[in-house]
Amino acid sequence: MILLDELDKRILQQLQLDATLTNHALAERVHASAPTCLRRVRRLMDEGVIARQVAILAPDKVGAGLTAIVEITLDQQATEKLIEFEQTVAGETAVQQCYRVSPGPDFVLVIQVADMNAYHALAHRLFATQHNIRNVRSFFSVLRSKFETRIGLS
């Protein structure tokens, strides 16, 4: 873990809200000089604290209106089998998140697709054709009441 001082935290909080801020605007918001702010942001990126800067899209506006949360249980849980499954789902753009979990299923996936037909095609490709999958349990979102990407910094 990297130690963050108060200025680092202020910078990160602002960037989590709006990563398109110019360095000058960011410096004003966090009450630092522009050169100091630029150095801090570069250091936070170099150290991997800022993993990447992206645009977050509205799924329904781009034709990806169905969210599925999927539990996967494998037949064999040897490390190489877990890694093999992770590599398989890593290649699927519809799989937004993949978590190895315990206890319960081996994995929980968050999937974003256009509709139920697209989900069925993905499920067939990812789950039905894999020999090491014992159980698949899918939940479909009927309403997204909260979606947040910010991490609270204290």
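**Entry 1. Largest pocket**

I looked up the lining of the largest pocket and found 37 residues, of which Arg52, Val54, Ile56, Phe147 and Thr149 lie nearest its centre. I then asked which elements give two or more residues to this lining, and noted H1, strand E1 (66-74), strand E2 (95-100) and strand E3 (107-113). I record here that the model is a predicted one. For the volume of the largest pocket I entered about 1500 Å³. By residue class, I found the lining of the largest pocket to divide into 23 nonpolar, 10 polar and four charged residues.

**Entry 2. Helix H1**

I turned next to helix H1, which covers residues 6-17. I checked its length: at 1.5 Å a residue, its 12 residues should span 16 Å, and the end C-alpha atoms are 17 Å apart, which agrees.

Which residues of H1 are buried? I listed Leu7, Asp8, Lys9, Ile11, Leu12, Gln14 and Leu15. I kept in mind that an α-helix has 3.6 residues a turn, so residues three or four places apart point the same way. I then looked for the packing partners of the buried residues of H1, and these are helix H2 (23-30) and helix H3 (34-46).

At the N-terminal end of H1 I found a cap formed by Asp5. A side-chain oxygen of Asp5 lies 3.1 Å from the backbone nitrogen of Leu7, and Leu7 is also among the buried residues of H1.

**Entry 3. Cavities**

I searched for enclosed space as well. How many cavities of 30 Å³ or more are there? I counted one, and the space in the largest cavity is about 60 Å³.

I noted the residues that line the largest cavity: Leu74, Lys81, Glu84, Phe85, Thr88, Gln130, Asn132 and Ile133. Helix H4 (residues 79-90) supplies the largest share of this lining, with four residues. I sorted the lining of the largest cavity by class and obtained three nonpolar, three polar and two charged residues.

**Entry 4. Ala51**

I located Ala51 in the loop between H3 and E1. Is Ala51 buried or exposed? I entered Ala51 as exposed, because its relative accessibility is 70% and the cut-off for exposed is over 50%.

Finally, I looked up the separation of Ala51 from Glu86. These two residues are 35 residues apart along the chain, and I recorded 20 Å between their C-alpha atoms.

Conventions:
Residues are numbered from 1 along each chain as its sequence is written. This is a predicted model: local features need pLDDT of at least 70, side-chain atom pairs count only at pLDDT 80 or more; totals for chains, interfaces and linings use all residues. Side-chain values use heavy atoms; hydrogens and water are left out. On a 1 Å grid over the protein atoms alone, a cavity is a set of points where a 1.4 Å probe fits but cannot get out, and a pocket is an open set with protein on both sides within 12 Å along at least five of seven lines; lining residues have an atom within 4 Å of a point. Grid points are joined across faces, edges and corners, and a volume is the space filled by probe spheres set on the points. Ala, Val, Leu, Ile, Met, Phe, Trp, Tyr, Cys and Pro count as nonpolar, Asp, Glu, Lys and Arg as charged, and the others, Gly among them, as polar. The expected span of a helix is 1.5 Å times one less than its number of residues. Buried means under 20% relative accessible area, exposed over 50%, partly exposed in between (1.4 Å probe, protein chains only). Contact means heavy atoms within 4.5 Å. A polar contact is a pair of N or O atoms within 3.5 Å; within protein, one must be able to donate a hydrogen and the other to accept it, and residues adjacent in sequence count only if both atoms are side-chain atoms.
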